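Student: Got a minute to look at a structure with me? I'd like to go through the strands and then the cysteines.
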Amino acid sequence: QVQLVESGGGLVQAGGSLRLSCAASGLTFINYAMGWFRQAPGKEREFVAGINWSGSSTNYVDFVKGRFTISRDNAKNTVYLQMNSLKPEDTAVYCCAAYYLSLTRAPSYWGQGTQVTVSS
């Protein structure tokens with residue numbers, strides 16, 4: 001079956017960096033665009049960043065532009081989220097999602113998430 005497994009979360013001080021990974025299995029990775037979402041306590045899940053199948057196109061929500069970078073390694077079936085200049089408001093559970101063919105579709109699969117906590 002399809003699995004998306006996130007890793008790399010943790011506790012970091014404001015201004016620090018983390019790199020999240022999402023390893024996919026059970027699907028043909030290059031058929032899927034990938035995205036990262038986050039959900040903070042008491043808030044709705046929100047889109048953070050997306051990347052097309054080849055990695056040639058990315059998009060970001062405004063509040064992470066210039067700080068976060070999404071990338072993928074199709075040989076490893078893995079998508080990454082490099083997070084720099086972290087702020088306490090970035091604290092959330094981050095999860096990845098796989099979109100069949102295009103980010104314009106609804107996600108087909110979700111990971112369980114990894115906790116990111118940024119202390120002030």
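Student: Which residue in S8 stands opposite Arg19?
Tutor: Gln82 does. Keep in mind that this is a predicted model.
Student: How many bridges join S3 to S8, and how do the two strands run?
Tutor: Six bridges join them, and they run antiparallel. S8 covers residues 78–83.
Student: What's the strand order in the open sheet?
Tutor: S1-S3-S8-S7, four strands with antiparallel pairing.
Student: Which strands stand at the edges?
Tutor: Strand S1 (3–7) and strand S7 (68–73). Each has a single partner strand, so one side of each is left without a neighbour in the sheet.
Student: And what does the twist average?
Tutor: It averages 15° from one strand to the next.
Student: OK, cysteines now. Which ones does a disulfide join?
Tutor: Cys22 and Cys96, with the sulfurs 2.0 Å apart. The count comes to one disulfide.
Student: Where do those two sit in the chain?
Tutor: Cys22 is in strand S3 (residues 18–25) and Cys96 is in strand S9 (residues 92–100). They are 74 residues apart, so the pair links distant parts of the chain.Student: Is that link right-handed or left-handed?
Tutor: Right-handed, with 55° about the S-S bond.
Student: Are Cys22 and Cys96 buried or exposed?
Tutor: Both Cys22 and Cys96 are buried.
Student: Why is Cys95 not bonded to Cys96?
Tutor: Because the sulfur of Cys95 is 6.9 Å from the one in Cys96, its closest cysteine sulfur, and that is too far for a bond. The cut-off for a disulfide is 2.5 Å.
Student: Is Cys95 buried or exposed?
Tutor: Cys95 counts as buried, at 8% relative accessibility.

Methods:
Residues are numbered from 1 along each chain as its sequence is written. This is a predicted model: local features need pLDDT of at least 70, side-chain atom pairs count only at pLDDT 80 or more; totals for chains, interfaces and linings use all residues. Side-chain values use heavy atoms; hydrogens and water are left out. Buried means under 20% relative accessible area, exposed over 50%, partly exposed in between (1.4 Å probe, protein chains only). Two strands pair if DSSP finds at least two bridges between them. Axes are lines fitted to C-alpha atoms, for helices over the stretch in contact, and angles run from 0 to 180 degrees between N-to-C directions.
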